[in-house]
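Please open the structure in your viewer and keep the sequence panel beside it, so that each selection can be made by residue number. The tour goes from one selection to the next, and at every stop it tells you what to look for.

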Amino acid sequence: MVTQYSIAVLPGDGIGTEVIAEAERVLEAVGDRFGIDFAMRRFPIGAAGVAAAGDPFPEETRAAVARADAVLLGAVGDPALDHAPRHLRPESGLLALRAQLGVFANLRPVTVLPALVDRSPLKADRLEGVDVLIVRELTGGLYYGEPRGREGEGASAVNTLRYSAAEIERVARVAFESARQRRRHVTSVDKANVLEVSQLWRETVTRVGQDYSDVRLDHLYVDTAAMRLVAGPQAFDVLLTENMFGDILSDEAAVLVGSLGLLPSASLGEGPGLFEPIHGSAPDIAGRDLANPIGAIATVALLLRHGLGLPEPAAAVEHAISLALEQGARTRDIAEAGAPALGTRAMGARIAGLIAEAQRSRAPVAR
Ligand code: NAD
């Protein structure tokens with residue numbers, strides 16, 4: 001019997017559509033190899049949602065993600081809507097999607113692949129063995145807090161940073177549980193020397209940590225963490241932090257691996273998980289077959305592992321990515337200056353081909 005999973009695919013805008021096409025191609029290859037039927041249906045979000053239905057998170061998309069086993073997202077964002085009212089901005093669609101799914105924990109693994117050590121601006125000896133899992137709180141904090149808005153005819157503005165102990169506790173538990181599968185070390189990042197919210201964060205994480213006596217816990221202020229992440233990234237195992245600090249630190253961590261286009265993420269809550277590469281819609285390169293699809297393809301691996309509980313297919317995708325890179329496949333963003341580079345589609349095809357090839361090499365020889 002073929003197992004079937006329903007995947008809501010939200011390509012979004014700009015390079016989101018290009019990298020998601022390659023993620024779909026890889027999911028098809030995984031389905032063929034492992035005998036799994038991925039029923040993938042596409043729905044609009046972001047500027048594509050505004051164009052299709054006048055809403056960055058259209059009703060049809062809302063209903064589809066609620067029914068799916070997992071949600072695969074590209075990226076949202078369109079400079080043409082930069083000055084649109086907030087309810088029509090692509091990013092509002094993304095925030096509403098995360099809120100509807102209740103995905104409070106965002107997991108961003110940052111692993112420096114040996115084949116790409118020379119692509120980072122950091123020295124190679126700082127990068128060897130870097131393997132950090134950033135666990136970012138995703139549905140609270142400054143990006144959601146009310147009141148918010150412009151005041152006094154726009155001359156001043158307010159945003160609200162608020163967390164409850166319960167919100168901190170549930171994401172902290174994800175970090176400690178993840179650390180148990182890794183090197184058993186959690187570094188919690190806050191600004192407890194200045195912010196009351198951070199003091200509550202630190203107290204709560206410390207209390208939760210008492211349930212995980214096998215996991216080492218330490219705390220860093222966000223400014224120190226930002227320095228250490230580039231000065232000594234090998235020291236981190238699981239880095240736990242709130243929404244805005246996590247947004248910033250995870251982009252900083254992208255520098256370690258050489259390109260934003262390489263990094264995946266998984267957002268988990270009670271219902272279907274949301275899986276997306278960490279990059280945006282990259283309008284500067286959109287529509288030119290230049291985007292690196294590896295972040296989106298690595299996202300497929302996280303979807304398989306964390307969203308559907310399929311560790312073996314997940315490992316097959318990660319292995320195919322590493323193999324393609326070891327064999328020298330490079331998109332423009334990770335190629336040496338002047339060296340030949342693959343386009344988005346060719347890189348996707350190469351990785352999907354390696355997944356299929358592994359299947360053929362295992363198949364019994366026909367007589
Ligand atoms: P971005 O991530 O889109 O691009 C930053 C830089 O990285 C650009 O130079 C881009 O060309 C490059 N880049 C990004 N992904 C790449 C890939 N896969 N391959 C090769 N190069 C890649 O960030 P930005 O320019 O600050 O934002 C552009 C738009 O995306 C904005 O509208 C922003 O709001 C939106 N955005 C959306 C998300 C999301 O959907 N989760 C995240 C970040 C930004």
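Begin by selecting His-185, which counts as buried because its relative accessibility is 8%, and a residue is called buried when this value is under 20%. In this predicted model, His-185 belongs to strand 8, the run of residues 185-190. If you now show its surroundings, leaving out residues up to four places away in sequence, you will find that His-185 touches Ala-179, Val-215, Arg-216, Asp-218, Ala-235, Asp-237 and Val-238.

Next, select Arg-184, which sits in the loop between helix 6 and strand 8. With a relative accessibility of 36%, Arg-184 counts as partly exposed. Look also at its backbone, where phi is positive, at about 60°, although Arg-184 is not a glycine. Most residues other than glycine have a negative phi.

Asp-289 is the next stop, and it too has a positive phi of about 60° without being a glycine. You will find Asp-289 in the loop between strand 12 (273-277) and helix 10 (294-307), and its relative accessibility of 22% makes it partly exposed. Apart from neighbours within four places in sequence, Asp-289 is in contact with Glu-18, Gly-343, Thr-344 and Arg-345. Which backbone nitrogen lies 3.0 Å from a polar atom of the side chain of Asp-289? It is the backbone nitrogen of Thr-344, and the side chain of Asp-289 also reaches the backbone nitrogen of Arg-345, at 3.1 Å. To see how the chain comes back to this place, pick the C-alpha atoms of Asp-289 and Arg-332, which are 43 residues apart along the chain and separated by 9.9 Å.

Now turn to the ligand and display the 21 residues around it, of which Glu-91, Gly-280, Ala-282, Asp-284 and Asn-292 come nearest. Sorted by class, this shell consists of 10 nonpolar, six polar and five charged residues. Three polar contacts can be picked out one after another. An oxygen atom of the ligand is 2.8 Å from a polar backbone atom of Ala-282, and an oxygen atom of the ligand also lies 2.9 Å from a polar side-chain atom of Asp-284. At Asn-292 the partner on the protein side is again a polar backbone atom, and it lies 2.8 Å from a nitrogen atom of the ligand. On its own the ligand has 800 Å² of accessible area, and the protein covers 68% of it.

For the following stop, display the aromatic rings; a search of the whole structure finds three aromatic pairs. A pair of aromatic rings is described by the distance of the centres and the angle of the planes. Select Tyr-5 and Phe-38, whose ring centres are 6.3 Å apart and whose planes meet at 25°, so that the pair counts as stacked. Because Tyr-5 lies in strand 1 (residues 3-12) and Phe-38 in strand 2 (residues 36-42), the pair ties together parts that are 33 residues apart in sequence. Are these two residues buried or exposed? Both Tyr-5 and Phe-38 are buried.

Another stacked pair is formed by Phe-176 and Tyr-212, with 5.0 Å from centre to centre and 10° between the planes. Phe-176 lies in helix 6 (residues 165-180), whereas Tyr-212 is in the loop between helix 7 (196-209) and strand 9 (216-221), so this pair ties together parts that are 36 residues apart in sequence. Phe-176 and Tyr-212 are buried as well.

Move on to helix 3 (residues 59-67) and select Glu-60 there. Glu-60 is partly exposed, with a relative accessible area of 47%, whereas Thr-61, also in helix 3, counts as buried at 0% relative accessibility. Leaving aside residues up to four places away in sequence, Glu-60 touches Phe-43 and Pro-44, and Thr-61 is in contact with Leu-10, Phe-43 and Pro-44. For a long view across the model, pick the C-alpha atoms of Glu-60 and Ala-179, which are 119 residues apart along the chain and separated by 38 Å.

Finish at the peptide bond from Glu-146 to Pro-147, which is cis, with omega near 0°. Most peptide bonds are trans. Pro-147 itself is found in the loop between strand 5 (131-137) and strand 6 (149-151).

Methods: Residues numbered from 1 in each chain as written. Predicted model: local features only at pLDDT ≥ 70, side-chain atom pairs only at ≥ 80, totals over all residues. Heavy atoms only, no water. Near = heavy atom within 4 Å. Polar contact = N/O pair within 3.5 Å; in protein donor to acceptor, adjacent residues only side chain to side chain. Areas by Shrake-Rupley, 256 points an atom, 1.4 Å probe, with all protein chains shown as cover. Nonpolar A, V, L, I, M, F, W, Y, C, P; charged D, E, K, R; others polar. Phe/Tyr/Trp six-rings, centres within 6.5 Å; stacked < 30°, edge-to-face > 60°. Helix = DSSP H or I, 4+ residues; strand = E, 2+ residues; numbered from the N terminus. Buried < 20%, exposed > 50% of the residue type's maximum accessible area, 1.4 Å probe, protein only. Contact = heavy atoms within 4.5 Å.
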